[in-house]
Amino acid sequence: MIPHSNTFGNTACHGQTSTLVWDETLEEGRFSSHLQKMPHKTSSPLNLSSPGKESLAVNSHNENVSLDKRSRNEPLTTPDMTDPVQQSQERVVGEIAFQLDRRILSYVFSGQTRLYGFTVFNIPDKIIQVSTNLVSGKVDHGFRAHMTHRYFDLMEKLRKLGYSMTLHPHFAEFIVNSYGILKQRPEAYSTEDRSYSDPEILRKLVIDMVPSNLLKDILRLFSCLCYMAKQDGKPLFIW
């Protein structure tokens with residue numbers, strides 16, 4: 001069994017202990033049932049089977065959510081299409097899920113310059129692929145062990161924040177597919193830019209925008225994102 005690194009306390013943003021309190025996550029069958037009942041705004045069916053070699057498709061071209069491809073799907077709710085502020089707020093919810101997936105992949109595959117086609121679902125397969133020489137087929141066992149350790153170490157830490165390796169990768173992709181993500185980065189030092197770096201503002205936005213049956217697990221994703229941002233010293237949203 002791969003050893004885990006030093007333990008940590010409750011998640012915090014900018015050094016403040018999180019005030020978020022959650023019940024235990026939905027049991028898997030009930031969780032999946034909840035997602036399948038929600039409006040799904042992509043042309044692909046929502047597949048909630050356990051993570052394996054197959055991953056959810058973002059659109060009809062079967063493109064995976066990755067660091068190089070951003071979804072442009074419509075929001076989960078039906079916003080006032082004349083209100084650009086509400087549209088942007090809808091997309092912030094999806095951006096939180098997208099940024100967490102991006103943080104996880106960047107941590108496991110540190111130094112990997114391109115992560116197109118990488119998803120949280122297929123991390124084990126990608127570890128094998130990245131550590132195998134495509135020409136000779138020779139395996140770099142040291143590099144494979146290094147990435148595997150980082151993966152299990154991170155998942156153990158996020159698990160303590162309520163993250164489920166079985167449920168939340170699917171849930172995060174569902175949120176990205178349903179809400180979309182921000183179309184462009186805000187101008188540096190603008191009000192938007194400052195707001196996206198403020199965990200309390202983002203937390204309030206999530207509570208205001210997300211239906212109650214999804215709120216608990218979106219707050220879990222947000223808690224994990226806050227933790228990872230605190231650990232790497234970077235903003236919540238990396239552009």
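Is P186 buried or exposed? Hold on to that one for a minute, and let me walk you through the rest first.

Okay, so what we have here is a predicted model. The protein has 239 residues, and 46% of them count as buried. As for secondary structure, we get 8 helices and 2 strands. If you read from the N terminus, the order is β-β-α-α-α-α-α-α-α-α. And here's a number for the contacts: take those between residues at least 6 apart in sequence, and 72% of them join residues at least 24 apart.

Right, back to P186. You'll find P186 in the loop between α5 and α6, where α6 is 191-195. Its relative accessibility is 8%, so P186 counts as buried. What does P186 touch? Leaving out residues up to four places away in sequence, the partners are E192, D193, Y196 and W239. Take Y196: P186 sits 10 residues from Y196 in sequence, and the C-alpha atoms are 9.0 Å apart in space.

Now let's step over to α5 itself, residues 168-179. With 12 residues at 1.5 Å each, α5 should span 16 Å, and the end C-alpha atoms are indeed 16 Å apart, so that agrees. How many residues of α5 are buried? It's 12 of the 12, so the helix is largely enclosed by the rest of the structure. That list includes H168, P169, H170 and, at the other end, N177, S178 and Y179. Just after α5 comes G180, and G180 has a positive phi, near 75°.

One residue to pick out in α5 is F171. F171 has a relative accessible area of 1%, so F171 is buried. Also, F171 and L214 are 43 residues apart along the sequence, yet their C-alpha atoms are 9.3 Å apart in space.

So, on to helix packing. For two packed helices, you describe the angle between the axes and the distance between the axes. Start with α2 and α5: their axes come within 8 Å and cross at roughly 145°. The crossing is left-handed. On the α2 side you've got E90, R91, V93, G94, A97, F98 and D101, and these meet A172, I175, V176 and Y179 of α5. Sort the residues of that contact and you get 7 nonpolar, 1 polar and 3 charged.

Helix α2, which is residues 84-108, also packs against α8, residues 212-232, with axes that come within 9 Å and cross at roughly 45°. That angle makes α2 oblique to α8. This crossing is left-handed as well. Among the residues making the contact are I96, L100 and I104 from α2, along with L221, F222 and L225 from α8. Here the split is 13 nonpolar, 1 polar and 2 charged. If you're following along on the structure, V93 and A97 of α2 turn up in the contact with α8, and V93 and A97 are also in the contact with α5.

Last stop is α4, residues 141-159. Its 19 residues should span 27 Å at 1.5 Å a residue, and the end C-alpha atoms are 26 Å apart, which agrees. The buried residues in α4 are M147, T148, R150, Y151, D153, L154, M155, K157 and L158. And what covers the buried residues of α4? The cover includes α2, α3 (that's 123-130) and α8.

That's the tour, thanks everyone.

Key: Residues are numbered from 1 along each chain as its sequence is written. This is a predicted model: local features need pLDDT of at least 70, side-chain atom pairs count only at pLDDT 80 or more; totals for chains, interfaces and linings use all residues. Side-chain values use heavy atoms; hydrogens and water are left out. Axes are lines fitted to C-alpha atoms, for helices over the stretch in contact, and angles run from 0 to 180 degrees between N-to-C directions. Helices (H or I, at least four residues) and strands (E, at least two) are DSSP runs, numbered from the N terminus. Angles under 35 degrees count as roughly parallel, over 145 as roughly antiparallel, 65 to 115 as roughly perpendicular and the rest as oblique. A crossing is left-handed if the near helix is turned anticlockwise from the far one by less than a right angle, and right-handed if clockwise. Contact means heavy atoms within 4.5 Å. Ala, Val, Leu, Ile, Met, Phe, Trp, Tyr, Cys and Pro count as nonpolar, Asp, Glu, Lys and Arg as charged, and the others, Gly among them, as polar. The expected span of a helix is 1.5 Å times one less than its number of residues. Buried means under 20% relative accessible area, exposed over 50%, partly exposed in between (1.4 Å probe, protein chains only).
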